[in-house]
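Reader: Hello! Could you take a close look at the largest nonpolar core for me, and set it in the context of the whole chain?

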Amino acid sequence: MAAAAQKLADDALAEQNAAQAELQAVVDDITKQEEKRAKKIAKLKAIQENPSTGVVAKGKAFQEMKKLEGEDPLPLRKAKLTQKALVKKQKKVTKKSAKQAAKAAAANKIATLAKDAATAAADAEIGRAHV
């Protein structure tokens, strides 16, 4: 019983670790996309503020920068939605894992008490046999 409960707890922990890794991958993807977007905006802003840049290039950079600032890119929105779903999944897995760990600990405690009782009974029986 204790071994089965421990296996369930280990499986739940593995599931929790997998969910955590998946969540971290999505967070890393979001960060990468946001950094890429911020770098592009900074580059366009630098072109616009450079005094040696021509009027046409400045105007083009300004329009492109405003376009980038105004839009919410689809991949980034999708990644954020995925992250929300994974956070929800992670909470469920963590709760399940905690329950399995508690069951395993209780089963282990019961098994230890039963073992101690059996050992005490065997020692008492051996003591009676010698008398």
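Author: Happily! One term first: a contact here means heavy atoms within 4.5 Å. With that in hand, among contacts between residues at least 6 apart in sequence, 80% join residues at least 24 apart. Please keep in mind that this is a predicted model.

The setting is simple to describe. The chain holds 3 helices and 0 strands, so its elements read α-α-α from the N terminus on, by runs taken from DSSP. Its C-alpha trace spans about 110 × 25 × 15 Å along the principal axes. The radius of gyration is 31 Å, whereas a compact globule of 131 residues would have one near 14 Å. Buried residues account for 18% of the 131 residues.

Now to the part you asked about. The largest nonpolar core has 6 residues: Leu 23, Val 26, Ile 30, Leu 76, Ala 79 and Leu 86. Two helices, H1 (2-49) and H3 (74-130), each supply at least two residues of this core. Leu 76 deserves a closer view: setting aside neighbours within four places in sequence, Leu 76 is in contact with Ile 30, Gln 33 and Glu 34. Of these partners, Ile 30 is itself listed in the core. Another core, of 5 residues, lies apart from the largest one and includes Ile 41, Leu 44, Ala 61 and Met 65.

Finally, the outside. The accessible surface of the chain comes to about 9800 Å², and 62% of that belongs to carbon and sulfur atoms. As for charge, the chain has 27 positive and 16 negative charges, with mean positions 7 Å apart.

Terms used. Residues are numbered from 1 along each chain as its sequence is written. This is a predicted model: local features need pLDDT of at least 70, side-chain atom pairs count only at pLDDT 80 or more; totals for chains, interfaces and linings use all residues. Side-chain values use heavy atoms; hydrogens and water are left out. A nonpolar core is a set of buried Ala, Val, Leu, Ile, Met, Phe, Trp, Tyr and Cys residues joined through side-chain atoms within 4.5 Å. Buried means under 20% relative accessible area, exposed over 50%, partly exposed in between (1.4 Å probe, protein chains only). Helices (H or I, at least four residues) and strands (E, at least two) are DSSP runs, numbered from the N terminus. The radius of gyration is taken over C-alpha atoms; the globule rule is 2.2 Å times the number of residues to the power 0.38. Accessible areas come from the Shrake-Rupley method with a 1.4 Å probe; for residues, only the protein chains shown count as cover. Lys and Arg count as positive and Asp and Glu as negative; His and the chain ends are not counted. The place of a charge is taken as NZ of Lys, CZ of Arg, CG of Asp or CD of Glu.
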